[in-house]
Amino acid sequence: VRTAGVPEEVERAARNVEVPVQPDGSLQAEVLLHGRSFLIPDINEAADRMYPLFLTLARQVGVTSFVIVPLKLP
């Protein structure tokens with residue numbers, strides 16, 4: 001996980017989460033299993049596809065939109 005512009009405790013919490021990845025249509029599955037990227041202009045429209053703790057953290061710091069992309073090492 002890489003974050004920017006959030007309080008240190010939120011970044012630390014996000015880094016320590018173990019997210020189960022299953023082919024269930026969630027954003028994390030689409031990014032990690034299929035290499036897809038997403039621009040989410042309204043967090044509320046994607047809330048049902050987000051990992052619950054990430055949704056909670058995002059709302060806690062006032063995130064209204066975000067980008068999620070796979071990071072691939074060469």
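Just past the end of helix 4, Gly-62 adopts a positive phi of about 85°. This is a predicted model, and helix 4 is a good place to begin reading it.

Three residues of helix 4 are buried, namely Leu-55, Leu-57 and Ala-58. Looking down the helix axis, you will find these buried residues inside an arc of 165°, so they line one face of helix 4. A general point helps here: an α-helix has 3.6 residues a turn, so residues three or four places apart point the same way. Turn to the face directed away from the buried side, and you meet the exposed residues Pro-52 and Gln-60. The cover over the buried residues of helix 4 includes helix 1 and helix 3.

Let us take helix 1 next. Two packed helices are described by the angle between their axes and the distance between the axes. For helix 1 and helix 4, the axes come within 11 Å and cross at roughly 170°. Angles over 145 degrees count as roughly antiparallel, so helix 1 is roughly antiparallel to helix 4. On the helix 1 side, Val-10, Ala-13 and Ala-14 make the contact, while helix 4 contributes Phe-54, Leu-57 and Gln-60.

Now for the interior. In soluble globular proteins, nonpolar side chains tend to be buried together. Here the largest nonpolar core has 11 residues: Leu-27, Val-31, Phe-38, Ile-40, Ile-43, Ala-46, Ala-47, Met-50, Leu-55, Ala-58 and Phe-66. Helix 2, strand 1 (38–40), helix 3 (43–46) and helix 4 (52–60) each give two or more residues to this core. Leu-27 is a handy member to follow through space. Setting aside neighbours within four places in sequence, Leu-27 is in contact with Phe-38, Ile-40, Ala-46, Arg-49, Met-50, Phe-66 and Ile-68.

Step back along the chain to Ser-26, which sits in the loop between helix 1 (8–15) and helix 2 (27–34). Is Ser-26 buried or exposed? Its relative accessible area is 8%, so Ser-26 is buried. The side chain of Ser-26 also makes a polar contact, at 2.7 Å, with the side chain of Asp-24.

For contrast, have a look at Glu-45 in helix 3. With a relative accessible area of 63%, Glu-45 is exposed, because the cut-off for that label is over 50%. Its C-alpha atom lies 9.8 Å from that of Ser-65, and the two residues are 20 apart along the chain.

Conventions
Residues numbered from 1 in each chain as written. Predicted model: local features only at pLDDT ≥ 70, side-chain atom pairs only at ≥ 80, totals over all residues. Heavy atoms only, no water. Helix = DSSP H or I, 4+ residues; strand = E, 2+ residues; numbered from the N terminus. Buried < 20%, exposed > 50% of the residue type's maximum accessible area, 1.4 Å probe, protein only. Polar contact = N/O pair within 3.5 Å; in protein donor to acceptor, adjacent residues only side chain to side chain. Core = buried A, V, L, I, M, F, W, Y, C linked by side-chain atoms within 4.5 Å. Contact = heavy atoms within 4.5 Å. Arc of directions from axis to C-beta. Axes fitted to C-alpha atoms, helices over the stretch in contact; angles between N-to-C directions. Parallel < 35°, antiparallel > 145°, perpendicular 65-115°, else oblique.
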